Amino acid sequence: MVLAAMGLMIIPDPLAADDLFDYGAYLSSECTSCHRLDGGGDITIPPIIGWPEDIFIQTIDRYRRGVLTNAIMQNVARSLGEEETAALARFFSQQENRE
Ligand code: HEC
């Protein structure tokens, strides 16, 4: 994780599209212990796949700023940087509902 973050710092500007997806896939294990990758879920752990990337990023930002008040997700959101959030948005947006 630390190595990946350090690696990112020497890559100039936004990551190429595929790199962003791959980075998101790599980071997604932080999320899939709770959120199901196949699109399943319920009211306690909602599904997060197939969202438009901008809405996904906005939602994470709302947890980060405390507008959305769930304590677990506030902690998760505050642990994520901008690039990480964008990568996760890319990855999850492209997952298909297989439930
Ligand atoms: C420990 C369990 C847990 C982990 C790990 C977790 N989440 Fe969540 N997540 C939740 C819960 C519970 C909610 C519902 C919170 C609420 O009601 O506001 C949620 C809500 C969300 C939502 C909003 C869903 C909606 O329908 O409004 C998004 C987006 C999200 N999580 C993304 C992520 C991402 C990205 C990660 C990984 C970086 C992650 N979560 C990791 C438990 C978790």
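In the predicted model, Tyr-63 is in contact with Leu-68, Asn-70, Met-73, Gln-74 and Ala-77, its neighbours within four places in sequence being left aside. Three of the residues listed, Met-73, Gln-74 and Ala-77, belong to α4 and take part in the contact of that helix with α3. On the α3 side, Ile-60 and Arg-64 join Tyr-63 in this contact, and Arg-78 is a further participant from α4. By class, four nonpolar, one polar and two charged residues make up the contact of α3 with α4.

The axes of these two helices lie 8 Å apart and form an angle of about 105 degrees. Angles of 65 to 115 degrees count as roughly perpendicular, and α3 is therefore roughly perpendicular to α4.

Beyond α4, the chain enters the loop that leads to α5, where Ser-79 is placed. Ser-79 has 10 C-beta neighbours inside 10 Å and therefore counts as exposed. Between the C-alpha atoms of Ser-79 and Arg-64 the distance is 8.7 Å, although the two residues are 15 apart in sequence.

Tyr-63 and Ile-60, both participants in the contact with α4, also belong to the largest nonpolar core. This core has 12 residues, with Tyr-23, Ile-48, Ile-49 and Phe-56 also among them. Its remaining members are Ala-86, Ala-87, Leu-88, Ala-89, Phe-91 and Phe-92. At least two core residues come from α3, and at least two from α5, which spans 82–93. The contribution of α5, six residues, is the largest share. In soluble globular proteins, nonpolar side chains tend to be buried together.

The ligand is surrounded by 19 residues, of which Glu-30, Cys-31, Cys-34, Pro-46 and Asn-70 are the closest. Asn-70 is also one of the contacts of Tyr-63. Both α3, spanning 53–65, and α4, spanning 71–78, supply at least two residues of the shell around the ligand. The composition of this shell is 13 nonpolar, five polar and one charged residues.

Over the whole protein, five helices and zero strands are found, and the order along the sequence is α-α-α-α-α. Of the 99 residues, 16% are buried. When contacts between residues at least 6 apart in sequence are considered, 66% of them join residues at least 24 apart.

Methods. Residues numbered from 1 in each chain as written. Predicted model: local features only at pLDDT ≥ 70, side-chain atom pairs only at ≥ 80, totals over all residues. Near = placed C-beta within 6 Å. Helix = DSSP H or I, 4+ residues; strand = E, 2+ residues; numbered from the N terminus. Nonpolar A, V, L, I, M, F, W, Y, C, P; charged D, E, K, R; others polar. Buried ≥ 20, exposed ≤ 12 C-beta atoms within 10 Å, placed from the backbone. Contact = placed C-beta atoms within 7 Å. Axes fitted to C-alpha atoms, helices over the stretch in contact; angles between N-to-C directions. Parallel < 35°, antiparallel > 145°, perpendicular 65-115°, else oblique. Core = buried A, V, L, I, M, F, W, Y, C linked by C-beta atoms within 7 Å.
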